[in-house]
Amino acid sequence: MTRPYIKARSWTWKDHFGTETPGIGLMHGGSVKAHLTHAEARTLADQLHDLVDAAGNSQPKLESTTPDQE
């Protein structure tokens, strides 16, 4: 059995009234499994970073750069 996997992509949710909510779609295959607003996606990313750090991630943190270095 393969491990389940999701992919994040830019996605605008449209409800049955036609109201659009821009954000991030969490996709599995060709279907949206969850939609997050940009603020919700940022919060989830922070939570994921915290979980990785708490698990004792062995990878070193990336060096910070200034905008001039990018």
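Here are some notes on this predicted model, point by point.

1. **Confidence.** The average pLDDT over the protein is 89, and 86% of the residues score at least 70. Among the helix and strands, strand 2 (residues 20-28) comes out highest, with a mean of 97, while helix 1 (residues 38-54) is lowest, at 93. A general caution applies to the rest: where pLDDT is low, don't read the predicted coordinates in detail.

2. **Overall layout.** You're looking at one helix and three strands. Going along the sequence, the order is β-β-β-α. The protein has 70 residues, of which 10% count as buried.

3. **Strands 1 and 2.** Strand 1 (residues 7-14) runs antiparallel to strand 2, and eight bridges join the two. If you want to check the register by eye, Lys-7 has Met-27 as its bridge partner in strand 2, and Arg-9 sits opposite Gly-25 of that strand. The hairpin they make has five residues between the strands, and Gly-18 takes a positive phi there, near 90 degrees.

4. **Strands 2 and 3.** Strand 2 also pairs with strand 3 (residues 31-36), again in the antiparallel sense, this time over five bridges. For the register here, look at Leu-26, which stands opposite Ala-34 of strand 3, and at Ile-24, which stands opposite Leu-36 of strand 3. As a general point for viewing, side chains in a regular strand alternate between the two faces of the sheet.

5. **The turn at Gly-29.** Strands 2 and 3 form a hairpin with two residues between them, and Gly-29 in that turn has a positive phi of about 65 degrees. So where does Gly-29 fall, buried or exposed? Its relative accessibility is 70%, and the cut-off for exposed is over 50%, so Gly-29 counts as exposed. The C-alpha atom of Gly-29 is 7.9 Å from that of Ile-6, a residue 23 positions away along the chain.

6. **How covered is strand 1?** Hardly at all: among its eight residues, the number that count as buried is zero. Lys-7, which belongs to strand 1, fits that picture. With a relative accessible area of 57%, Lys-7 is over the 50% cut-off and therefore exposed. The C-alpha atoms of Lys-7 and Leu-26 are 5.6 Å apart, although the two residues are 19 apart in sequence.

7. **The salt bridge.** How many salt bridges does the count give? The total comes to one salt bridge. The pair is Lys-14 and Glu-20, whose closest N and O atoms are 3.7 Å apart. That passes because the cut-off is within 4 Å. In general, side chains of opposite charge can pair when their charged atoms come close. Lys-14 has 53% relative accessibility, and since exposed means over 50%, Lys-14 counts as exposed.

8. **Helix 1.** The length of this helix can be checked by simple arithmetic. At 1.5 Å a residue, its 17 residues should span 24 Å, and the end C-alpha atoms are 24 Å apart, so the two agree. After helix 1 comes Gly-56, with a positive phi near 80 degrees.

9. **The largest pocket.** Its volume is about 250 Å³. Which residues line the largest pocket? They are Ile-6, Lys-7, Ala-8, Ile-24, Leu-26, Leu-36, Ala-41, Leu-44, Ala-45 and Leu-48. Helix 1 gives the most to this lining, with four residues. Strand 1, strand 2 and helix 1 each supply at least two of the lining residues.

10. **Tying it together.** Several residues turn up in more than one of the points above. Ile-24 and Leu-36 are in the lining of the largest pocket, and they also stand opposite each other across strands 2 and 3. Leu-26, another residue of the lining, stands opposite Ala-34. Lys-7 is in the lining too, yet it counts as exposed.

Key: Residues are numbered from 1 along each chain as its sequence is written. Side-chain values use heavy atoms; hydrogens and water are left out. A salt bridge is a side-chain nitrogen of Lys or Arg within 4 Å of a carboxyl oxygen of Asp or Glu. Buried means under 20% relative accessible area, exposed over 50%, partly exposed in between (1.4 Å probe, protein chains only). pLDDT is the predictor's confidence in each residue, from 0 to 100. The expected span of a helix is 1.5 Å times one less than its number of residues. Two strands pair if DSSP finds at least two bridges between them. On a 1 Å grid over the protein atoms alone, a cavity is a set of points where a 1.4 Å probe fits but cannot get out, and a pocket is an open set with protein on both sides within 12 Å along at least five of seven lines; lining residues have an atom within 4 Å of a point. Grid points are joined across faces, edges and corners, and a volume is the space filled by probe spheres set on the points.
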